[in-house]
Amino acid sequence: MPEHEIMSKKLYIETYGCQMNFSDSEIVASVMTENDYEITPETGEADVVFLNTCSIREHAEQKVLNRLRELQHLRNARPGMLIGVLGCMAERLKAALLEDEKLGMRIDMVVGPDAYRSLPRLMTDAETGQKAINVILSADETYADISPVRYAAGGVSAFLSIMRGCGNFCAYCVVPYTRGQERSRDPNSIVSETRQLAAAGYRELTLLGQNVNSYRWEVPGSGRIMGFSELLPVVARTDPRMRVRFATSHPKDISDKLLHAMAEYPNVCNAIHLPVQSGSSEILKRMNRKYTRADYLGRVEAIRRIIPGCAISTDLIAGFCGETEADHQATLSLMEEVGFDFAFMFKYSERPDTLAARKFADDVDPATKSRRLQEIIALQQRLSLRSNEADVGKTLEVLVEGPSKRSGAHMMGRTSHNKVVVFPGQAYKPGDYAGVHITSCSSATLKGNPISQ
Ligand code: 5AD
Ligand code: SF4
């Protein structure tokens, strides 16, 4: 056995939060495996455990803190095991995470989202008993030259980050503080990674960024600017068999040009995730979203006109500062008017130091927030069911991802609209496209039978 294999140590990575974070964990895996670490799926055999964390809501941070407490017990059984906090919580809480006594536990490493290149040096510090911290945010780090190790991907669908950070400063949001300023990645590195993924058999690619449609690359020497509506066709042309998706889009800059580019390429999926957050223009203004209810509905109209049948999903926040019953009703009526196919729905959670925390009182009482969220969820369930029922009787193209969780004899995959389809699929393997005749549905899943090939 070569010496480095005997020496290699085991790293376990657990990821919380958004797809960006999952994509970042693949960068971390790449940096670490280049430095003699091996990824393990078992915490029990790990020499190092990294939690790649999320700060978006208080609940997300609580989950990580609870997990860190559990890990301290594991460490009792494995003395010498190192624990690192990576990502947004590392950035937000910084050195406070290294204060053992205040925290009631020991964390060895604190590493912000722009500091993953420094992991090998930080590991050396941590291994010699020193606390290791790097939370410096960068104006230009995109990890463009680091080839992610897709250690948990099923080999069919991959994430590829095209930009980092966020400059929107929505009043409720911690991201501009934890992920720093917006910067875009060199399109050449995006295309070459797309080619590698296609060659490795991947069939679906999701281009990621906090705000993908403000992608902006200045072509060196020419002064020409490449925007997302120019990048998307370049990626889509790389391999017509590769489905392309993207997330997340900000309503203020989803241009007709981008919608036309989506319509032109059959492998660009007909699905747009377009977080609205609230249906009330008053609340949107306080959220610093930079669009009104009418602006949003105008963009939905453009989507329907340019890409007929396109699925639209969204994010919604219940109980933002100053939200009245009328504002809440406006959210419900907007949901009805758009008929969202899917939504992520949240209660407002104040994040320290954001614009909202500094300027407004978190004044919707918890019971009202919960009730409003429940009403939003109940309505969305009806809308999702209605959207799925409209597919019953159709034959849809499904990209097969793998066996269904419920039954080994069934396969699961997704439609271009990103809906989950379960069907009897012994004849199919992950990465195949199947034509599936939809026979029934719930609000979450479509069921059907494959048509003979
Ligand atoms: N409280 C509740 N939800 C939030 N989101 C972002 N910040 C907060 C917060 N402070 C939601 C938004 C965003 C999604 C990723 O998380 O809906 O689009
Ligand atoms: Fe969570 Fe936002 Fe950070 Fe993603 S960018 S991990 S959602 S706080």
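These questions and replies cover ring pairs and ligand contacts in a predicted model.

The model is predicted: local features need pLDDT of at least 70, and side-chain atom pairs count only at pLDDT 80 or more, while totals for chains, interfaces and linings use all residues. Side-chain values use heavy atoms, with hydrogens and water left out.

Me: Why is the pair of F320 and F360 called edge-to-face?
Reply: Rings of Phe, Tyr and Trp (its six-membered ring) pair if their centres lie within 6.5 Å; planes under 30 degrees apart count as stacked, over 60 as edge-to-face and the rest as tilted. The centres of F320 and F360 are 6.4 Å apart and the planes stand at 75°, so the pair is edge-to-face.

Me: What makes Y116 and Y143 a stacked pair?
Reply: Their centres are 6.0 Å apart, with 15° between the planes. Stacked requires under 30 degrees.

Me: Why is F320 called buried and F360 partly exposed?
Reply: Buried means under 20% relative accessible area, exposed over 50%, partly exposed in between (1.4 Å probe, protein chains only). F320 has 0%, so F320 is buried. F360 has 23%, so F360 is partly exposed.

Me: How do you know that R57 makes a polar contact with ligand 1?
Reply: A polar contact is a pair of N or O atoms within 3.5 Å; within protein, one must be able to donate a hydrogen and the other to accept it, and residues adjacent in sequence count only if both atoms are side-chain atoms. A polar side-chain atom of R57 lies 3.1 Å from an oxygen atom of ligand 1. A polar backbone atom of S349 is 2.7 Å from a nitrogen atom of ligand 1.

Terms used: Residues numbered from 1 in each chain as written. Chains lettered and ligands numbered in written order.
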